[in-house]
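The exercises below are meant to be worked through with the sequence and the model side by side. Try each task before reading its solution.

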Amino acid sequence: MKLVEVFERIGLVEMTDRAKSQGSPETQAPETIVPLLAEEDAAGIETDAAVKTSANAATAVTEIAENRPFDDIYAAAGIAESPFSADKLLKLLEALVNLPEDTRKQAVIAMDAAEDRWTIEDPLLDARRRIQALENEQARLGDQARSAETRAAKELEDQNQYEQQAVAQIRKQIAELEELMERELKSVAENRERIRTQGKSTQDACHREQNRLETEIARLRQIEKMFTADTLNSKPHGNHQSGTQNG
């Protein structure tokens, strides 16, 4: 099977009627190949997707944004659209994967020679630019990770300092509260002793005063004992009357 027929079967090229009728050999393939790159959508070759720019693309963030679209990375790097991108060349090579490597290479060179809109330098330059953009992105992610690590270390150190200060302050407050508790307990104990002393003093004073009053009561009762009604009735009535009259 001729190489041209292989290309035709996988939909990459079309053979002219003249080439089909004459059965051109492989050496004439460059003259008989009609590239279908202009009809790449019909051939199933994807075109470059529209890129989306981000205002914060170069801004370092705390978390690493994973699975960032390659198109976004390329757009952020300012890579211009290529006449024949590296992706298109890779898709072409994938379509020819069953052929020997040298045959695939010669097929691409033949298509380059037959096409005026692009050269093999276009996908090579596009690939180099994309590789550079991806390597720069790798470096940026590394810087971001190191920056996050440095920031985390600083925040951890701040937390350690805060912990030390908080513990010291709380212990100081505990010591002050314990000192206050000791003063309050001492004051309560003193008040209790004062209350007990005052209570005992009051009781003692009460007993002393009651004894004094009892002594005076006993002294006064001597008169009552001595001059009761029975004693007065035992005296002569005359004397009592005379005394009454004299009075």
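**Exercise 1.** In which helix do R219 and E216 both lie, and how many residues apart are they?

*Solution.* The model in view is a predicted one. Begin by locating the two residues: R219 and E216 both belong to helix α7, where they stand three residues apart, about one turn of the helix. Next, recall the geometry that makes such a spacing relevant: an α-helix has 3.6 residues a turn, so residues three or four places apart point the same way. Then examine the side chains, and you will find that those of R219 and E216 meet in a salt bridge, at 2.5 Å from N to O. Finally, consider the surroundings of each partner: R219 counts as partly exposed at 48% relative accessibility, and E216 is partly exposed as well, with a relative accessible area of 32%.

Elsewhere, salt bridges that share partners join R68, E137 and R140 into one network, and the next exercise takes up a pair from that network.

**Exercise 2.** Decide whether E137 is buried or exposed, and then describe its pairing with R140.

*Solution.* The cut-off needed for the first step is that a residue counts as buried under 20% relative accessible area; E137, with a relative accessible area of 10%, is therefore buried. Its partner R140, at 24% relative accessibility, counts as partly exposed. For the second step, look at the side chains of R140 and E137, which meet in a salt bridge of 2.8 Å, N to O. Along helix α7 these two residues are three apart, and so about one helical turn separates them.

**Exercise 3.** What salt bridge do the side chains of R183 and E179 form, and what is its N to O distance?

*Solution.* The side chains of R183 and E179 meet at 3.4 Å, N to O. Both residues lie in helix α7, but here the spacing is four residues, again about one turn of the helix. As for accessibility, R183 counts as partly exposed at 47%, and E179 likewise counts as partly exposed at 48%. To place this pair in context, note that the structure holds 10 salt bridges.

**Exercise 4.** Which residues of helix α5 are buried, and what covers them?

*Solution.* Helix α5 spans residues 86-95, and its buried residues are A86, K88, L89 and L92. Viewed down the axis of α5, these buried residues fall within an arc of 160 degrees, so they line one face of the helix. What covers them includes α6 (101-114) and α7 (121-226).

Technical notes:
Residues are numbered from 1 along each chain as its sequence is written. This is a predicted model: local features need pLDDT of at least 70, side-chain atom pairs count only at pLDDT 80 or more; totals for chains, interfaces and linings use all residues. Side-chain values use heavy atoms; hydrogens and water are left out. Buried means under 20% relative accessible area, exposed over 50%, partly exposed in between (1.4 Å probe, protein chains only). The arc is that of the directions from the helix axis to the C-beta atoms. Contact means heavy atoms within 4.5 Å. A salt bridge is a side-chain nitrogen of Lys or Arg within 4 Å of a carboxyl oxygen of Asp or Glu.
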